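Visitor: Please take me closely through one part of this model, and place it in the setting of the whole chain. I should like the criteria behind each term to be stated as you go.

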Amino acid sequence: MVKLYAIELFHKSTKVTPLKSAQDLQSFSYFQRTTIREFMDFTGKIIVETIANGVRASVKEQDYLYHVYVSNEGVSGVAIADKDYPQLVAFNMLNKVVNDFMNCVNPPYTQDNPSVINFNLCETYLQKYQNPIDADPMMKVQAELDETKIIMYNTFEQVQRCKKLDELEAKSEVLSTTCVFRNSCNWKGNASIRYACCNW
């Protein structure tokens with residue numbers, strides 16, 4: 001099962017400033033959550049510092065995959081997920097989150113207190129994109145195509161089995177006909193005479 005742990009927004013100028021974030025850390029122990037949140041925030045900030053504006057990148061850190069998008073304006077989105085989360089879906093989501101943020105919040109983005117920024121869509125996107133197949137239309141179409149492919153493959157296998165059964169049935173009819181012919185010619189009796197020397 002794929003898991004999206006966090007969505008974080010930063011602003012990159014001379015330094016990287018955290019803007020907004022949302023985490024889903026329910027799968028971790030209560031006592032670990034604060035440490036994991038701090039680790040994710042710190043690592044996301046470091047990765048945004050190293051990536052140039054206008055670039056998308058995926059970075060593996062321990063058991064997590066950090067999908068990062070830094071816009072030309074410096075507003076950056078980070079999606080922290082497990083290694084199985086689809087990269088294309090993560091980047092589509094980050095593009096939407098960053099664009100929504102820039103449409104809702106006016107610059108300058110460098111606030112001393114990120115809590116005064118009025119943008120709460122990180123939580124919405126985090127919940128919506130927990131299941132990438134439902135959230136992304138292309139993933140949904142791909143899943144339907146894969147399901148159709150499996151059904152067609154199973155149908156093809158069944159047709160092949162039926163064809164083999166038909167061949168076996170035809171061969172058994174040929175063998176039955178041959179046995180009837182040999183029994184009528186006293187083939188069994190001739191065989192017992194022929195191999196009589198083999199009896200003990």
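Guide: Read from the start of the sequence, the chain follows the pattern β-β-α-β-β-β-α-α-α-α-α. In total, the secondary structure comes to six helices and five strands, where helices (H or I, at least four residues) and strands (E, at least two) are DSSP runs numbered from the N terminus. The model is a predicted one, in which local features need pLDDT of at least 70 and side-chain atom pairs count only at pLDDT 80 or more, while totals for chains, interfaces and linings use all residues. Residues are numbered from 1 along each chain as its sequence is written, and side-chain values use heavy atoms, with hydrogens and water left out.

Some totals set the scene. Of the 200 residues of the chain, 34% count as buried; buried means under 20% relative accessible area, exposed over 50%, and partly exposed in between, with a 1.4 Å probe and protein chains only. The chain exposes about 13200 Å², of which carbon and sulfur atoms supply 56%. These areas come from the Shrake-Rupley method with a 1.4 Å probe, and for residues only the protein chains shown count as cover. Contact means heavy atoms within 4.5 Å. Among contacts between residues at least 6 apart in sequence, 54% join residues at least 24 apart.

The part to examine closely is strand E4 with the loops on either side of it. Gln 62 is found in the loop between strand E3 (55-61) and strand E4 (64-70). Although Gln 62 is not a glycine, its phi is positive, at about 55°. Gln 62 counts as exposed because its relative accessibility is 52%.

Within strand E4 itself lies Val 68, which counts as buried because its relative accessibility is 0%. The neighbours of Val 68, leaving aside those within four places in sequence, are Ile 47, Val 48, Ile 51, Val 55, Arg 56, Ala 57, Gly 77, Val 78, Phe 91 and Leu 94. With one of these contacts, Val 55, the C-alpha separation is 8.1 Å, across 13 residues of sequence.

The loop on the other side of E4 holds two further buried residues. Ser 71 is placed in the loop between E4 and strand E5 (75-81), and Ser 71 is buried because its relative accessible area is 0%. Not counting residues up to four places away in sequence, Ser 71 touches Asn 53, Gly 54, Val 98 and Met 102. Gly 74 lies in this loop between E4 and E5 too. Gly 74 has a relative accessible area of 0%, and therefore counts as buried. With neighbours within four places left aside, the contacts of Gly 74 are Phe 10, His 11, Lys 12 and Asn 53. From C-alpha to C-alpha, Gly 74 and Lys 12 are 4.7 Å apart in space, although 62 residues apart in sequence.

The segment at the start of the chain adds to this setting. Val 2 is placed before strand E1 (4-12). Beyond four places in sequence, Val 2 touches Asp 82, Asp 84, Tyr 85, Gln 130 and Pro 132. The C-alpha atoms of Val 2 and Gln 130 are separated by 7.7 Å, with their positions 128 residues apart along the chain.

Charge pairing can be followed from here. A salt bridge is a side-chain nitrogen of Lys or Arg within 4 Å of a carboxyl oxygen of Asp or Glu, and by this rule the count comes to two salt bridges. One joins Lys 3 and Asp 24, with the closest N and O atoms 2.7 Å apart. This pair links distant parts of the chain, 21 residues apart: Lys 3 in the segment before E1, and Asp 24 in the loop between strand E2 (16-23) and helix H1 (33-50). Both Lys 3 and Asp 24 are buried. Asp 84, already named as a contact of Val 2, forms a salt bridge with Lys 83, the closest N and O atoms being 3.8 Å apart. Asp 84 counts as partly exposed because its relative accessibility is 49%, whereas Lys 83 is exposed because its relative accessible area is 62%.
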